[in-house]
Amino acid sequence: MITPAQIEKRLYDLSIEIDESTKDLMDTEERYHHLTAQYEVAMAKSRIKNSQADMKMTAQMREDQALIENEVLHFQVAMSEAEVKAARANTNRLKTQVDIARSISVSVRNEMSVA
């Protein structure tokens with residue numbers, strides 16, 4: 001049988017996990033936005049460099065060339081975005097666990113008051 005003390009302990013542990021998860025999400029978001037800004041600036045510089053009058057390139061060719069020149073940063077941004085999504089999913093998972101623990105708590109208290 002689950003006791004109210006066990007539920008309180010679980011809720012306390014989850015509160016610590018939520019704090020850690022929130023910090024991780026904030027750090028991951030910051031890294032993602034930093035990399036995204038770096039990538040956008042690098043892409044702009046590459047497009048400008050490839051837009052010289054003596055270079056006969058279509059807009060799509062300039063964009064493709066800029067992407068090739070910045071492929072490492074492009075992959076870093078993509079991976080960082082995946083990390084943000086994973087951190088958000090983890091935070092949502094923890095919130096769901098808190099909701100479940102609260103529901104169990106109500107059930108246990110009701111059961112104890114009947115007994």
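Which element of the protein has the lowest mean pLDDT, and which the highest? Helix α2 (residues 59–69) has the lowest, at 91, and α1 the highest, at 94. The pLDDT is the predictor's confidence in each residue, from 0 to 100. The protein averages 91, and 98% of the residues score at least 70. Helices (H or I, at least four residues) and strands (E, at least two) are DSSP runs, numbered from the N terminus. The model is predicted: local features need pLDDT of at least 70, side-chain atom pairs count only at pLDDT 80 or more, and totals for chains, interfaces and linings use all residues. Residues are numbered from 1 along each chain as its sequence is written, and side-chain values use heavy atoms, with hydrogens and water left out.

Helix α3 (residues 71–114) has 44 residues. At 1.5 Å a residue it should span 64 Å; the expected span is 1.5 Å times one less than the number of residues. The end C-alpha atoms are 65 Å apart, which agrees. Buried residues (under 20% relative accessible area; exposed is over 50%, partly exposed in between; 1.4 Å probe, protein chains only) recur along α3. They include Leu73, Val77, Ser80, Val84, Ala87 and Thr91. Leu94, Val98, Ala101, Ser105 and Val108 are also buried. Their cover includes α1.

Two of these residues illustrate the packing. Threonine 91 lies in helix α3 and is buried, at 10% relative accessibility. Leaving aside neighbours within four places in sequence, threonine 91 is in contact (heavy atoms within 4.5 Å) with Ser21 and Leu25. Alanine 101, also in helix α3, is buried with a relative accessible area of 8%. Outside the neighbours within four places in sequence, alanine 101 is in contact with Ile7, Leu11 and Leu14. Isoleucine 18 is 83 residues from alanine 101 along the chain, and their C-alpha atoms are separated by 14 Å.

The structure holds 10 salt bridges, each a side-chain nitrogen of Lys or Arg within 4 Å of a carboxyl oxygen of Asp or Glu. Glutamate 29 pairs with arginine 88, with the closest N and O atoms 2.5 Å apart. Glutamate 29 lies in helix α1 and arginine 88 in helix α3, so this pair ties together parts 59 residues apart in sequence. Glutamate 29 is buried, at 18%. Arginine 88 is partly exposed, at 41%. Beyond its neighbours within four places in sequence, glutamate 29 is in contact with Val84 as well as Arg88.

A second bridge links arginine 47 and glutamate 63, the closest N and O atoms being 3.4 Å apart. Arginine 47 belongs to helix α1 and glutamate 63 to helix α2, so the pair ties together parts 16 residues apart in sequence. Both are partly exposed: arginine 47 at 30% and glutamate 63 at 31%.

Within helix α3, arginine 102 and aspartate 99 meet in a salt bridge (3.9 Å, N to O). The two are three residues apart, and are therefore separated by about one helical turn. Arginine 102 is exposed, at 51%, whereas aspartate 99 is partly exposed, at 45%. Salt bridges that share partners also join Arg10, Glu17 and Arg93 into one network.

On the surface, Ile2, Ile100 and Ile104 form a nonpolar patch, with about 240 Å² of accessible area together. Isoleucine 2 sits in the segment before α1 (4–49). Isoleucine 2 is partly exposed, at 42% relative accessibility. Patches are made of residues with over 30% relative accessible area and no salt bridge: like charges are joined within 9 Å, nonpolar side chains (Val, Leu, Ile, Met, Phe, Trp, Tyr) within 5 Å. Accessible areas come from the Shrake-Rupley method with a 1.4 Å probe; for residues, only the protein chains shown count as cover.
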